[in-house]
Amino acid sequence: MASQSQGIHQLLQAEKRAKDKLEEAKKRKAKRIRQAKEEAMVEVDQYRMQKDKEFRAKQAKAMGSQSNLVEEMEAQALERITELTGSYRRCLEGVLARVLSLVCDVRPGLHLNYRAAH
């Protein structure tokens, strides 16, 4: 009987050691999973920051080219306005003289389409 109780005692101790090892393995696994999650979050944050930086660079490039286009268009508009103003000033006297001569030069006479009523 003593050998039987000794065998049972050894089995119980072996079972206890197995449970301890299993618990320790579970703890290591949980710790490794937490560590992997943290590493993944760091990688995700780095990737997000990289993509955000690339996006901002592309956005700045696009906005820069848009502002260049706006500046170009404004310069062209200003040049065209200056050109039209110069043309207006050059032709103003001549046009006014022509209009005044047509308005003030009264020549009485019958219109070409006039028909005398009988």
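A residue counts as exposed when its relative accessible area is over 50%, as buried when that area is under 20%, and as partly exposed in between. The exercises below apply this to a predicted model.

**Exercise 1.** Classify the two partners of the salt bridge between Asp 105 and Arg 107 as buried, partly exposed or exposed.

*Solution.* Begin with the contact itself: the side chains of Asp 105 and Arg 107 meet in a salt bridge, with 3.0 Å from N to O, which satisfies the cut-off of 4 Å. Next take Arg 107, whose relative accessibility is 69%, so that Arg 107 counts as exposed. Then take Asp 105, which at 41% relative accessibility counts as partly exposed.

**Exercise 2.** Determine how Arg 80 and Glu 83 are placed along helix H1, and what distance their salt bridge has.

*Solution.* First, Arg 80 and Glu 83 are 3 residues apart in helix H1, and therefore about one helical turn separates them. Second, their side chains meet in a salt bridge at 2.7 Å, N to O. Third, consider the accessibility of each partner: Arg 80 has a relative accessible area of 44% and is therefore partly exposed, and Glu 83, with 46%, is partly exposed too.

**Exercise 3.** Carry out the analysis for Glu 54 and Lys 51, which form a salt bridge.

*Solution.* The closest N and O atoms of Glu 54 and Lys 51 are 3.3 Å apart. Both residues lie in helix H1 with a spacing of 3 residues, about one turn of the helix. Glu 54 is partly exposed because its relative accessibility is 33%, while Lys 51 is partly exposed at 36%. By the salt-bridge rule, the count comes to 7.

**Exercise 4.** Which residues form a nonpolar patch with Val 99 on the surface?

*Solution.* The partners are Val 95 and Val 103, and the three valines together have about 260 Å² of accessible area. Val 99 lies in helix H1, which covers residues 2-104. At 44% relative accessibility, Val 99 counts as partly exposed, and this value passes the patch threshold of over 30%.

**Exercise 5.** Decide whether the protein chain is spread out or a compact globule.

*Solution.* Start from the secondary structure, which comprises 1 helix and 0 strands. The radius of gyration is 49 Å, well over the 13 Å that the globule rule gives for 118 residues, so the chain is more spread out than a compact globule. Its C-alpha trace spans about 160 × 45 × 15 Å along the principal axes. Finally, buried residues make up 0% of the 118 residues, and the chain exposes about 11,900 Å², of which carbon and sulfur atoms supply 60%.

Notes: Residues numbered from 1 in each chain as written. Predicted model: local features only at pLDDT ≥ 70, side-chain atom pairs only at ≥ 80, totals over all residues. Heavy atoms only, no water. Patch = residues over 30% accessible without salt bridge, like charges linked within 9 Å, V, L, I, M, F, W, Y side chains within 5 Å. Areas by Shrake-Rupley, 256 points an atom, 1.4 Å probe, with all protein chains shown as cover. Helix = DSSP H or I, 4+ residues; strand = E, 2+ residues; numbered from the N terminus. Buried < 20%, exposed > 50% of the residue type's maximum accessible area, 1.4 Å probe, protein only. Rg over C-alpha atoms; globule rule 2.2 N^0.38 Å.
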